[in-house]
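Here is a short tour for a first look. It starts with the sheet, moves to the helices and ends with the aromatic rings.

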Amino acid sequence: MSRRVLVTGGASGLGLALTKACLGRGDRVLVVDLAESRPASVPEAADYLRLDVRSQQDWDAALAHVRAVWGGLDVLVNNAGVATGGRIDVESISDWERVIDINLLGVVRGCQTFTPLLKEQRSGHIVNTASLAGLIHGPGMSSYNAAKAGVVALSETLGFELAPWGIHVSVICPAFFRTNLHESLQGKDTAMEETALKLITRASMSADEVAQVVLKGIDRHKRVILTDRLGRQAFWTKRLVRPAYDAMATRAGQKLARKSGDA
């Protein structure tokens with residue numbers, strides 16, 4: 001059955017991969033992103049609107065468009081986000097404010113805007129893109145980890161809160177995969193940014209491969225969608241073998257300190 005899908009940040013990275021995967025299944029897709037006019041990357045079969053997830057006015061316009069054109073929505077994918085990283089004494093408060101406003105409050109705004117429509121329908125699926133960083137909190141990434149952990153907590157909360165209306169909620173928690181996310185890095189901690197760049201560009205999975213796993217998770221109404229073996233291993237190690245997890249994260253912190261010249 002064809003679904004009506006809205007994807008934020010759908011012009012690149014995982015958002016674009018999810019857009020293409022949904023279109024390939026016959027879904028109707030509305031891509032929203034920051035560009036004023038339709039980016040060349042967006043497939044012709046998808047609709048396009050400009051939307052800054054920090055703007056409630058833009059969110060209201062997207063809701064009005066969905067109501068007018070489709071008469072409803074089946075899947076809301078809150079995917080837009082930026083990369084950030086930095087040690088607590090290096091990263092600025094303005095960097096913290098930026099990542100919280102986009103990565104966490106951007107998701108909150110999407111959920112708040114579309115929940116009334118989904119309740120009216122008594123159906124729908126909210127899919128929020130977090131990260132493995134929302135579950136596994138390595139050193140040097142305080143702001144990113146905090147924002148993504150917030151997305152995980154929000155998603156779990158809404159999964160229980162909205163279930164009486166037949167609304168499902170999933171959170172995507174991928175480890176590093178090949179994408180353009182590193183292009184959004186703007187912090188002052190160059191040591192941490194170098195590490196993030198290597199992890200992203202050398203990752204084994206592509207955005208398209210992650211998107212296929214995500215679609216299967218959506219179909220199964222999975223609350224937490226872990227997309228790769230590394231993520232599953234880290235998640236279960238933290239839950240079941242906490243001393244091993246602590247030792248691994250401690251070594252990572254020591255390595256970062258040596259690299260940055262702090263130790």
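Two strands count as paired if DSSP finds at least two bridges between them. The model shown here is predicted.

**The sheet**

By that rule, 7 strands form an open sheet. Their order is β3-β2-β1-β4-β5-β6-β7, and the pairing is parallel. β3 (47-50) and β7 (224-225) stand at the edges. Each has a single partner strand, so one side of each is left without a neighbour in the sheet.

Take one pairing in detail. Strand β5 (residues 124-129) and strand β6 (residues 167-172) run parallel and are joined by 6 bridges. Ile 126 stands opposite Val 169 in β6.

**Helices across the sheet**

Helix α2 (residues 56-69) lies across β1 (4-8), β2 (28-33), β3 and β4 (75-78). It runs at about 155 degrees to β3. Helix α3 (residues 93-121) lies across β1, β4, β5 and β6, at about 175 degrees to β4.

**A look at α2**

α2 has 14 residues. From its first C-alpha to its last it reaches 20 Å, close to the 20 Å expected at 1.5 Å a residue.

Which residues of α2 are buried? They are Asp 58, Trp 59, Ala 62, Leu 63 and Val 66. These buried residues cover an arc of only 140 degrees around the axis, which puts them on the same side of α2. What covers them includes β1, β2, β3, β4 and α3. The face turned away from the buried side carries the exposed residues Gln 57 and Ala 68. Just after α2, Gly 71 takes a positive phi of about 75 degrees.

**Aromatic pairs**

The structure holds 2 aromatic pairs. The table lists their geometry.

| Pair | Type | Centre to centre | Angle between planes |
|---|---|---|---|
| Trp 59 and Phe 114 | edge-to-face | 6.3 Å | 75 degrees |
| Phe 235 and Trp 236 | edge-to-face | 5.1 Å | 75 degrees |

Trp 59 sits in helix α2 and Phe 114 in helix α3. They are 55 residues apart, and the pair links distant parts of the chain.

Are these rings buried or exposed? Buried means under 20% relative accessible area. Trp 59 has a relative accessible area of 0%, so it is buried. Phe 114 is also at 0% relative accessibility and therefore counts as buried.

In the other pair, Phe 235 is at 16% relative accessibility, so it counts as buried. Trp 236 is at 40% and therefore counts as partly exposed.

Methods:
Residues numbered from 1 in each chain as written. Predicted model: local features only at pLDDT ≥ 70, side-chain atom pairs only at ≥ 80, totals over all residues. Heavy atoms only, no water. Helix = DSSP H or I, 4+ residues; strand = E, 2+ residues; numbered from the N terminus. Contact = heavy atoms within 4.5 Å. Axes fitted to C-alpha atoms, helices over the stretch in contact; angles between N-to-C directions. Expected span 1.5 Å × (residues − 1). Buried < 20%, exposed > 50% of the residue type's maximum accessible area, 1.4 Å probe, protein only. Arc of directions from axis to C-beta. Phe/Tyr/Trp six-rings, centres within 6.5 Å; stacked < 30°, edge-to-face > 60°.
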